[in-house]
Amino acid sequence: MFERRRNGTDHQGDVFNLKALVVTLFCAVVMTQVASAADSERPDEWYRSEEGKRIAANILSYQDAYGGWPKNIDTETKPYEGDRKKLRGTFDNGATVGEMRFLAKAYKATEEPAYKDAFLKGLDLILKAQYPTGGWPQYYPPSTKYHRHITFNDGAMVRLMELLREIAASDDYDFVDAQRRKAAQQAFDKGIDCILKCQIRVDGKLTVWCAQHDEIDYSPRAARSFEPASLSGGESCGILRLLMSVDDPSQEMIQSIKAGVQWYGTSKVEGLRLERIDGVRTAVNDPDAATLWARFYAIETNKPLFCDRDGVVKYDYNEIDAERRNGYSWYDDWGKDVFREYPKWTERFPYAKAPVGAKILAVIGDSTVCNYPENGVRRGWGQFIQDYFDDDSIFVLNTARSGRSTKTFREDGFWKETLDGNPDYILIQFGHNDSHEPGRREATDAATTYRQYLRQYIDEARAIGAKVIFVTPMYRRKFDEQGKIDDNLRPYATAMKAVAAEKDVPVVDLNAASEQLYLKLGPTATVEFANVSNDQTHFNAKGAKAMAELVMEQLSVVEPSLKPYLK
């Protein structure tokens with residue numbers, strides 16, 4: 001994540017003159033020192049040492065009357081000796097958050113009351129500074145200028161929220177009283193709500209965020225003369241990464257993230273490279289250049305924009321003067337962080353892969369249903385039914401798990417994972433593991449517990465508005481000498497159909513359909529369905545596709561509302 005400096009330079013900017021160079025180096029040293037205080041893995045012994053106590057005392061000396069710390073100042077090396085009334089704390093450039101992290105570690109190691117008191121004073125400031133709308137100004141009390149706006153700039157609000165989340169949940173902050181920890185969690189949740197409300201819509205479509213937003217109505221706001229209200233390719237990266245770090249994202253958060261990532265995908269700047277020509281950073285065409293994103297984009301047109309200090313918007317980087325080209329980061333690779341984190345997020349929450357506006361068809365069951373990696377032979381029928389649907393209209397969420405029954409799929413948390421995806425439809429096939437011998441953890445009785453679990457699935461699915469479709473368990477491919485098939489799963493298929501009739505649930509009778517297919521093919525041909533020799537239950541791709549075909553032949557018949565989504 002980048003750190004923009006309010007003096008007009010940043011870590012990507014080339015300095016324009018000696019004065020700018022000195023300022024830049026000073027800020028870099030200061031921020032490095034603050035970071036070392038806040039983020040280092042110093043052992044407890046260090047905080048108890050004379051050096052640790054000296055640095056902690058220095059940090060304490062910079063805390064202002066409200067509880068914050070100033071920015072761009074080395075608060076470690078020496079104590080503050082100026083007029084304390086002139087100290088002005090801020091949340092910008094990592095200030096306050098860094099010092100509070102240091103003091104928390106110092107208190108845990110030493111139990112020095114002054115460290116705890118200063119930390120709690122800082123926490124109370126953060127809680128007090130939060131607007132009713134959920135955002136934070138750049139500092140408190142807020143000014144009447146742009147600093148009063150909700151400040152995403154330089155990751156200020158994101159850093160505050162990360163700290164609040166840690167205070168609420170981490171044992172590192174167990175010295176904080178329960179009331180404050182609860183308030184920290186509430187402030188974090190309120191901040192998430194603020195972020196969602198700030199996300200800019202253009203022609204009804206969610207995009208990303210401005211670096212500042214109005215503290216009352218959430219609208220995008222300008223900051224300095226060369227920082228107009230715009231779509232931020234810089235700050236929005238940190239916001240998206242924060243949203244992707246939330247453990248239990250709401251549907252609104254999911255849509256927000258997907259829309260933001262989509263915006264980064266459509267807002268790439270390709271074929272452009274920055275190089276210094278005659279001492280001035282210049283944009284030159286280069287088809288082999290790495291992908292960049294602009295710092296600011298016009299809200300109405302999504303065109304990258306640039307400004308001199310006169311505030312006049314220009315759409316050609318090379319048209320702004322040398323001072324602003326050299327002293328500000330107008331292009332960078334911010335989107336790389338977004339696209340590095342997004343695949344990890346979708347792995348955690350598979351339902352997030354659904355296209356915006358698509359209905360979700362969840363599939364739950366056992367090893368005959370679930371997805372398998374491409375480097376193996378085994379396949380489940382659930383991983384092939386997406387091919388039957390229009391990808392933009394129906395997204396198949398396959399949460400089936402090998403070895404699970406109606407009982408253990410719930411107990412192991414996979415049912416909750418399914419419901420978290422807020423599916424519109426749920427296909428349910430269980431029976432193979434339910435039929436295991438009594439006494440095994442996964443076993444259920446077809447006449448009693450199996451039915452009870454099926455009823456629970458129906459009731460809980462309907463509670464979130466999902467339509468349930470039962471799929472009776474297919475036969476195992478076990479033939480006797482007379483060519484008859486082992487029917488030990490028939491009691492479970494019969495029980496499923498009985499519950500379906502009782503609860504008015506449509507049924508795909510895969511049990512009957514698979515029996516007919518296996519009898520037609522015979523024992524020799526059905527061997528071609530096996531993933532490994534002598535496996536009479538599981539499937540290779542051919543067998544799984546055959547089961548998928550049987551399911552899909554019946555699905556739109558028993559649930560006609562799905563028919564419009566078929567290819």
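**Stop 1: the largest cavity**

Start inside the protein, at the largest cavity, which holds about 40 Å³ of space. Select Ala211, Gln212, Glu227, Pro228 and Phe296; of the 10 residues that line the largest cavity, these are the closest to its centre. The lining of the largest cavity splits by class into four nonpolar, three polar and three charged residues. Keep in mind that the model on your screen is predicted.

**Stop 2: the second largest cavity**

How many cavities of 30 Å³ or more are there? The count is two. Go to the second largest cavity, with a volume of about 30 Å³. To show its lining, select Asp64, Tyr66, Gly68, Gly89 and Thr90, then add Phe91, Thr96, Leu125, Tyr139 and Tyr140. Colour this lining by class: five residues are nonpolar, four are polar and one is charged.

**Stop 3: two backbone details**

Stay with two residues of that lining, Thr96 and Tyr140.

Select Thr96 first. Its phi is positive, about 75°, although Thr96 is not a glycine. Thr96 sits in the loop between helix 3 (50–61) and helix 4 (97–110).

Now select Tyr140 together with Pro141. The peptide bond that joins Tyr140 and Pro141 is cis, with omega about -5°. Where is Pro141? Look in the loop between helix 5 (113–129) and strand 1 (150–151).

**Stop 4: the second largest pocket**

Next, move to the second largest pocket, which contains about 350 Å³ of space. Select Pro350, Lys353, Asn371, Leu397 and Asn398; among the 14 lining residues, these lie nearest the centre of the pocket. Which strand gives the most to this lining? Show strand 14 (residues 394–398), which supplies four residues. Colour the pocket lining by class to find four nonpolar, six polar and four charged residues.

**Stop 5: helix 7 against helix 8**

Now for helix packing. Two packed helices are described by the angle between their axes and the distance between the axes.

Show helix 7 (residues 178–198) and helix 8 (residues 235–244) as ribbons. Their axes come within 12 Å and cross at roughly 130°. Helix 7 is therefore oblique to helix 8. The crossing of helix 7 and helix 8 is left-handed.

Turn on side chains where the two helices touch. From helix 7, select Phe188, Ile192 and Ile195; from helix 8, select Ile239, Leu242 and Leu243. What classes make up this contact of helix 7 with helix 8? Six residues are nonpolar, with no polar and no charged ones.

**Stop 6: helix 9 against helix 11**

Finish with another pair. Select helix 9 (residues 251–266) and helix 11 (residues 335–348). They pack at an angle of about 135°, and their axes are 10 Å apart. Are helix 9 and helix 11 parallel or oblique to each other? They are oblique, because an angle of about 135° is neither over 145 degrees, the cut-off for roughly antiparallel, nor in the 65 to 115 range for roughly perpendicular. Rotate the pair: the crossing of helix 9 and helix 11 is left-handed.

On helix 9, show Ile254, Ile257, Lys258, Val261, Tyr264 and Gly265. On helix 11, add their partners in the contact: Gly335, Val338, Phe339, Tyr342 and Trp345. Colour the contact of helix 9 with helix 11 by class, and eight residues come up nonpolar, two polar and one charged.

Conventions
Residues are numbered from 1 along each chain as its sequence is written. This is a predicted model: local features need pLDDT of at least 70, side-chain atom pairs count only at pLDDT 80 or more; totals for chains, interfaces and linings use all residues. Side-chain values use heavy atoms; hydrogens and water are left out. On a 1 Å grid over the protein atoms alone, a cavity is a set of points where a 1.4 Å probe fits but cannot get out, and a pocket is an open set with protein on both sides within 12 Å along at least five of seven lines; lining residues have an atom within 4 Å of a point. Grid points are joined across faces, edges and corners, and a volume is the space filled by probe spheres set on the points. Ala, Val, Leu, Ile, Met, Phe, Trp, Tyr, Cys and Pro count as nonpolar, Asp, Glu, Lys and Arg as charged, and the others, Gly among them, as polar. Axes are lines fitted to C-alpha atoms, for helices over the stretch in contact, and angles run from 0 to 180 degrees between N-to-C directions. A crossing is left-handed if the near helix is turned anticlockwise from the far one by less than a right angle, and right-handed if clockwise. Contact means heavy atoms within 4.5 Å. Angles under 35 degrees count as roughly parallel, over 145 as roughly antiparallel, 65 to 115 as roughly perpendicular and the rest as oblique.
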